[in-house]
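Here is a short report on one protein chain. Keep the 3D view open as you read.

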Amino acid sequence: MSASAPVSAGGRMTPRSPHGPRRRVRALAGGVLLLVGALLLPLSLAAIWARAELTETDGYVAAVAPLAGNAAVQEAVIGDVTAGVMAHVRLDGLLKAVPRAERPAVRRHFTRGIRQFVEKQVRQVVTGRGFRTVWNGVHRTAHRRLDGRLAASGRSPVTLDLTPVVERVKRQLSHNGMGLDLLRRVPRAGVEIVLLKAPDVPRIRAVYEVVRTGALLLPPAAAGCLTGGLLLARRRRRALIWAGLGCALAAGLLAAALALVRSRTLDALPAMVSRPAAGAYADALTGPLRTGVWLVIGAGTLTAALAAAGPPAFRALRARRSAARPGS
């Protein structure tokens, strides 16, 4: 008697169905595909977002444009531009007629007064109506430089050139002899913020290549895995419930990871960098990704809920309607 053949109640041998192992293998393959698809879906969102931020200048400028009116960002720009201008202010000529012993005190007094004057002029420009145009132009130029650095070879740094703000301050002070003489010595490219240091360019370029490839391959792979998993599943409704919950859970993990990365990145910034301004930048850049993540969470949860309340709910609703009919 074969050990693999089951015995019926009458003592006769009943051949085992050859479809049992195939069904189990098929169900296992479907479950694995659903799990992989649920994990790939939020990764696809992240890859598409990163590719758009790194390669689409118009999208990047549209994302950071509202920051022109953000108070924390404005204060950071005012501080950076004022510091850049003050770095080129020289008082040696003014102090020649001052006794040597009194020069330190006079220098501090003059420096404080000039800084207040410069900061006032810069603030008027940054909070003025035309600053949004300057802001968008500065970031458009910076993003094009970033795109060029990542697409080509080399280790040149990427900077945010705030000199257009200084040029607007110069035009504002064109009728003020003191202000014009003060700002005339500021070089054309004298006020810049380093966005990407030269040693970091090769590493970011490697990430850029991975993101470009991932944005092309991950979305169809996620869709294919989810579709294949549902087709292979023996119980489609249960598979749909688990697929929806899996996608929602994976997207929730991505949302938690984004919050953790944001917190760690802000904590690691140098003391000279404004935390509120950096946080506003991070929120503006990751806004589309966070929106997509919450859409996936909502869609996955809704799909699971509808699948769970599927045929039984419809049958119960139909029975209630039939019972409510007169003469039924």
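The report starts with the whole chain, then turns to helix pairs and single residues.

## The chain as a whole

This is a predicted model. The chain has 328 residues, and 32% of them count as buried. It holds 11 helices and 2 strands.

In what order do the elements of the chain run from the N terminus on? The order is α-α-α-α-α-β-α-α-β-α-α-α-α. Follow it in the 3D view, one element at a time.

## Surface and contacts

The chain exposes about 20,000 Å². Carbon and sulfur atoms supply 62% of that area.

Now consider contacts between residues with a separation of 6 or more. Of these contacts in the chain, 79% are between residues 24 or more positions apart. Several such distant partners appear below.

## Helices H2 and H5

Two packed helices are described by the angle between their axes and the distance between the axes. Take H2 and H5 as an example. H2 covers residues 57-64, and H5 covers residues 131-151. Their axes come within 9 Å and cross at roughly 140°. Why is H2 called oblique to H5? The angle of roughly 140° is not over 145, the cut-off for roughly antiparallel, so H2 is oblique to H5. The crossing of H2 past H5 is right-handed.

Which residues make the contact? From H2 come Thr 57, Asp 58, Tyr 60, Val 61 and Val 64. From H5 come Trp 135, Asn 136, His 139, Arg 140, His 143 and Arg 144. Sorted by class, this contact of H2 with H5 has 4 nonpolar, 4 polar and 3 charged residues.

## Helices H8 and H9

H9 covers residues 236-267. Its axis and that of H8 come within 9 Å. They cross at roughly 155°. An angle over 145 counts as roughly antiparallel, so H8 and H9 are roughly antiparallel to each other. Their crossing is right-handed.

H8 brings Leu 226, Leu 230 and Leu 231 to the contact. H9 brings Arg 236, Ala 239, Leu 240 and Cys 247. By class, the contact of H8 with H9 has 6 nonpolar residues, no polar ones and 1 charged.

## Helices H9 and H10

H9 also pairs with H10. The axes of H9 and H10 come within 7 Å and cross at roughly 170°. That makes H9 roughly antiparallel to H10. Is the crossing of H9 past H10 left-handed or right-handed? H9 passes H10 in a left-handed crossing. The contact of H9 with H10 divides into 19 nonpolar, 6 polar and 6 charged residues.

## Three buried residues

Ala 222 lies in helix H8, which covers residues 201-232. Its relative accessibility is 1%, so Ala 222 counts as buried. Leaving out residues up to four places away in sequence, Ala 222 touches Gly 37, Leu 40, Leu 41 and Ser 44. Ala 222 and Leu 35 are 187 residues apart along the chain, yet their C-alpha atoms are separated by 9.9 Å.

Val 77 is in helix H3, residues 71-86. At 7% relative accessibility, Val 77 counts as buried. Which residues does Val 77 touch, not counting residues up to four places away in sequence? They are Val 126, Phe 131 and Trp 135. Trp 135 is also one of the H5 residues in the contact with H2. The C-alpha atoms of Val 77 and Ala 277 are separated by 9.2 Å, though 200 residues apart along the chain. Gly 287 lies in helix H10, residues 275-308. Its relative accessibility is 16%; buried means under 20%, so Gly 287 counts as buried. From Gly 287 to Ala 63 is 224 residues in sequence but 8.1 Å in space, C-alpha to C-alpha.

## An exposed residue

Arg 24 lies in helix H1, which covers residues 19-55. Is Arg 24 buried or exposed? Its relative accessibility is 56%, and exposed means over 50%, so Arg 24 counts as exposed. Arg 24 also has a distant partner in sequence. Arg 234 is 210 residues away along the sequence, and the two are 9.1 Å apart in space, C-alpha to C-alpha.

How values were computed. Residues are numbered from 1 along each chain as its sequence is written. This is a predicted model: local features need pLDDT of at least 70, side-chain atom pairs count only at pLDDT 80 or more; totals for chains, interfaces and linings use all residues. Side-chain values use heavy atoms; hydrogens and water are left out. Axes are lines fitted to C-alpha atoms, for helices over the stretch in contact, and angles run from 0 to 180 degrees between N-to-C directions. Helices (H or I, at least four residues) and strands (E, at least two) are DSSP runs, numbered from the N terminus. Angles under 35 degrees count as roughly parallel, over 145 as roughly antiparallel, 65 to 115 as roughly perpendicular and the rest as oblique. A crossing is left-handed if the near helix is turned anticlockwise from the far one by less than a right angle, and right-handed if clockwise. Contact means heavy atoms within 4.5 Å. Ala, Val, Leu, Ile, Met, Phe, Trp, Tyr, Cys and Pro count as nonpolar, Asp, Glu, Lys and Arg as charged, and the others, Gly among them, as polar. Buried means under 20% relative accessible area, exposed over 50%, partly exposed in between (1.4 Å probe, protein chains only). Accessible areas come from the Shrake-Rupley method with a 1.4 Å probe; for residues, only the protein chains shown count as cover.
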